[in-house]
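The following exercises concern charged pairs, aromatic pairs and nonpolar cores. Please work through each task before reading its solution.

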Amino acid sequence: MTVLTTPRTTIRELTAADAAFINDLLNQPSFMQFIGDRHVRSDSDGAAFITTRYQPSYAMNGYGLWAVVMTETGEATGICGFVKRDAFPDPDLGFAFLPKYVGLGLASEAARAVMHYGRDVLNLTRVLAIVQPDNARSITLLAGLGFEFVNITPSPTDATETLHLYASDV
């Protein structure tokens with residue numbers, strides 16, 4: 001299901017047909033370094049991850065992490081959307097892109113559209129973002145979207161790790 005479009009992309013829900021893409025994305029060194037190991041090692045793991053992690057969020061929250069697809073070619077380039085975590089009062093913006101699509105402005109284009117969607121369709125008033133302190137690209141993107149540093153917070157998935165928490169009124 002298409003959620004929204006941008007000048008270059010279609011942002012849509014992930015389906016089991018995206019299993020190979022998710023397997024590839026979640027095993028990129030940059031994903032492992034800055035987001036973490038999701039223990040997806042095969043296309044069947046990717047399909048299961050989509051079914052158990054992404055799709056339930058669409059049904060429960062009306063949002064989740066969506067596929068960002070090049071409209072012209074149909075190629076999945078990355079994911080972008082909102083994640084609702086029990087540890088935080090507001091949804092957080094998440095994004096990750098395959099290396100060959102980094103530096104093309106796609107993350108910024110998708111994230112800006114997703115933020116507008118959050119405000120205009122989902123009626124969100126505040127969005128958070130968590131990021132590792134050494135992830136300069138993501139911090140720059142968040143700043144460009146109007147996010148401001150809030151504090152240092154424990155990681156919601158690893159109590160031994162701390163992350164930087166950012167927030168933006170939408």
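**Exercise 1.** Determine whether D37 is buried, partly exposed or exposed, and describe its salt bridge with R41.

*Solution.* Step 1: residues are classed by relative accessible area, where buried means under 20%, exposed over 50% and partly exposed in between (1.4 Å probe, protein chains only). Step 2: D37 has a relative accessible area of 32% and is therefore partly exposed. Step 3: a salt bridge requires a side-chain nitrogen of Lys or Arg within 4 Å of a carboxyl oxygen of Asp or Glu. Step 4: the closest N and O atoms of R41 and D37 are 2.6 Å apart. Step 5: R41, at 46%, is likewise partly exposed.

This is a predicted model, in which local features need pLDDT of at least 70 and side-chain atom pairs count only at pLDDT 80 or more, while totals for chains, interfaces and linings use all residues. Residues are numbered from 1 along each chain as its sequence is written, and side-chain values use heavy atoms, with hydrogens and water left out.

**Exercise 2.** Examine the salt bridge between D18 and R12, and state how many salt bridges there are by this rule.

*Solution.* Step 1: the N to O distance between the side chains of R12 and D18 is 2.8 Å. Step 2: D18 is buried, because its relative accessibility is 7%, whereas R12, at 21%, is partly exposed. Step 3: the count of salt bridges comes to seven.

**Exercise 3.** Describe the geometry of the aromatic pair W66 and F82, and state where its rings lie.

*Solution.* Step 1: rings of Phe, Tyr and Trp (its six-membered ring) pair if their centres lie within 6.5 Å; planes under 30 degrees apart are stacked, over 60 edge-to-face and the rest tilted. Step 2: searching the whole structure gives five aromatic pairs. Step 3: for W66 and F82 the centres are 6.3 Å apart and the planes make 80 degrees, an edge-to-face arrangement. Step 4: W66 belongs to strand β3 and F82 to strand β4, 16 residues apart (strands are DSSP runs of E, at least two residues, numbered from the N terminus). Step 5: W66 is buried at 1% relative accessibility, and F82 is buried with a value of 1%.

**Exercise 4.** Identify residues with the most contacts inside the largest nonpolar core.

*Solution.* Step 1: such a core consists of buried Ala, Val, Leu, Ile, Met, Phe, Trp, Tyr and Cys residues joined through side-chain atoms within 4.5 Å. Step 2: the largest has 48 residues, and those with the most contacts inside it include L14, W66 and F82.

Conventions. Helices (H or I, at least four residues) and strands (E, at least two) are DSSP runs, numbered from the N terminus.
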